[in-house]
Amino acid sequence: MAGEQLNVLKALDQAKTQWYHFTAVVIAGMGFFTDAYDLFCISLVTRLLGRIYYTEPGSNEPGHLPANVSAAVNGVALCGTLAGQLFFGWLGDKLGRKSVYGFTLILMVLCSIASGLSFGHEAKGVIGTLCFFRFWLGFGVGGDYPLSATIMSEYANKKTRGTFIAAVFAMQGFGILFGTIVTIVVSSAFRNAFPAPPFYVDAATSIGPEADYVWRIIVMFGTIPAALTYYWRMKMPETARYTALITRNTKQATADMSRVLNKDITEEEEKVQLQVASGDTWGLFSRQFLSRHGLHLLATTSTWFLLDVAFYSQNLFQKDIFTKVGWIPPARTMSALEELYRIARAQALIALCGTVPGYWFTVAFIDIIGRFWIQLMGFAMMTIFMLAIAVPYDYLVKPGHHTGFVVLYGLTFFFANFGPNSTTFIVPAEIFPARLRSTCHGVSAAAGKAGAIIGAFGFLYASQDQKKPDKGYSPGIGMRNALFVLAGTNFLGLLFSLLVPESKGRSLEEISKENYDDDATITPAGV
């Protein structure tokens, strides 16, 4: 058995909720605000990109991105995110959370601006440059996942830790909503300044040269709030758990947290020496890690993977789903900016009614209900509502029945966010030891992004009609069958959630068994 918990860590665990908690939420949360804006704003403008760069002269239908280009534009940032989660997760344990926290933000801001400034006016140059910078944008976004979660978990007290980590992640909802609002405002402003007829009236004029500015403004706009928080990220001290437990500099950790908590913290030398002497040294690929945390890593990676298959396939291709159910009129009956406006308005409604409330329900109840039950309930409800859409799908897509579809579709997002989309982010930041916490969170998040890539690429092809696929695509299994597959994916997520341990109300050292003997284990909440 290891020595008693250090006084500085006790002080953090027992601290009353105060101003520095909220400051940390805002600083970390604005990064996630930008992450969500950057990852999901591309789904708003892909139709516009297709019209601008792929409309063929004399065609009766507006241009759209070819299958391979659409997959690349939507998926390349996710590939970068996966790489960034693994790299910065590992780096956060090696160099410190704060040391690399500012770099990820700079990378996001610069690559977001560069994406909007993609070279040229020809499809090949613009799309190639856009994909290049969106990969590195995703790389920076990926770093924000393990670092923000780990920093917030190590700063928070044990009573409200889940609430604060959830609040950081909930900024993702505001980022998605903000993206739709920016798109609505920008498209409306340009529509009023430069009126254009529908495509079927005048194909060339319906697009207009001004449309090329619109998508660039939208892509770049999300950098503003993130850039404003850079200074405050750099002023945050390193977390006490990293300083005390990894670098073994308890004196510095005590001084930092005395300043943050505005109270005197003293450390007993005997306790410090015992902590140093008893410190574990085993790594991620050791037998000891497999024995203590192998099952937990399987739980966090599998559930995040399965969630993101469903979550990203729905989120990135909302516009395609809305078109197929008739909620958005046929493209040829609108101008380019009219279509953009309608897509943004539809996604804003889903975000406002389903996505954002779901995040904040998690914030409100995570430390009351617990992580395990919220995740289990979320997967269960997502399965139920996905089946409720898939079974009567042919009825719901008929004119006059779209309201039922939209309500059920919105409820799947509500329970994704008041459920596994939030808890899969929270749990890996709590259940692993400090020296591997950022790495394991990065591995878990990367598994999620692997699922997101499968969702982004796979759903696009799988949902194609079996008899009349979109131009450039092969026949798929159809939208209805694709929804059944997503329901099955959610059910698998429910089963793997039984392996997730409950971490509510316990210190990070107790949960992760930091410096405990090998026979000390955490029991999954479902056992």
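A residue counts as buried here when its relative accessible area is under 20%. Keep that cut-off in mind as you move through this predicted model.

**First stop: helix α2**

Select residues 19–54, which make up helix α2. Of its 36 residues, 30 are buried, so α2 is largely enclosed by the rest of the structure. Now turn to its length: at 1.5 Å a residue, the helix should span 52 Å, and its end C-alpha atoms are 52 Å apart, which agrees. Then centre your view on V45, where α2 bends by about 45°.

**Second stop: helix α1**

Step back to residues 7–14, helix α1, where 6 of the 8 residues are buried and the helix is mostly covered. To see which ones, colour N7, V8, L9, A11, L12 and D13, the buried residues of α1.

**Third stop: α4 against α8**

Next, show residues 97–116 (helix α4) together with residues 211–221 (helix α8). Two packed helices are described by the angle between their axes and the distance between the axes. For this pair the angle is about 175° and the axes are 8 Å apart. An angle over 145 degrees counts as roughly antiparallel, so that is how α4 runs relative to α8.

Which residues of α4 and α8 make the contact? Turn on side chains for S112, I113, S115 and G116 on the α4 side, and for W215, R216, V219 and M220 on the α8 side. Sorted by class, the contact of α4 with α8 has 4 nonpolar, 3 polar and 1 charged residues.

**Fourth stop: K98**

Stay on α4 and pick K98, which is placed in that helix. K98 is partly exposed, with a relative accessible area of 29%. Leaving aside neighbours within four places in sequence, K98 is in contact with R233, M234, M236, P237 and E238. You can also draw a line from K98 to Q252: the two are 154 residues apart in sequence, and their C-alpha atoms are 14 Å apart in space.

**Fifth stop: two loop residues with positive phi**

Select R248, in the loop between α11 (240–246) and α12 (250–261). Its phi is near 60°, a positive value in a residue other than glycine. R248 is partly exposed, at 28% relative accessible area.

Follow the chain through α12 and stop at N262, in the loop between α12 and α13 (269–277). N262 also has a positive phi, about 60°, although it is not a glycine. Is N262 buried or exposed? With a relative accessible area of 71%, N262 is exposed.

**Last stop: α21 and A462**

Finish with residues 434–462, helix α21. The helix has 29 residues, and from its first C-alpha to its last it reaches 41 Å, close to the 42 Å expected at 1.5 Å a residue. α21 is mostly covered, with 22 of those 29 residues buried.

Zoom in on A462, which belongs to α21. At 25% relative accessibility, A462 counts as partly exposed. What does A462 contact, leaving aside its neighbours within four places in sequence? Display G476, I477 and G478, and you have its partners. One more label to add is V485: its C-alpha atom is separated from that of A462 by 9.7 Å, with their positions 23 residues apart along the chain.

Notes: Residues numbered from 1 in each chain as written. Predicted model: local features only at pLDDT ≥ 70, side-chain atom pairs only at ≥ 80, totals over all residues. Heavy atoms only, no water. Axes fitted to C-alpha atoms, helices over the stretch in contact; angles between N-to-C directions. Helix = DSSP H or I, 4+ residues; strand = E, 2+ residues; numbered from the N terminus. Parallel < 35°, antiparallel > 145°, perpendicular 65-115°, else oblique. Contact = heavy atoms within 4.5 Å. Nonpolar A, V, L, I, M, F, W, Y, C, P; charged D, E, K, R; others polar. Expected span 1.5 Å × (residues − 1). Bend = angle between axes of the 7 residues up to and from the residue. Buried < 20%, exposed > 50% of the residue type's maximum accessible area, 1.4 Å probe, protein only.
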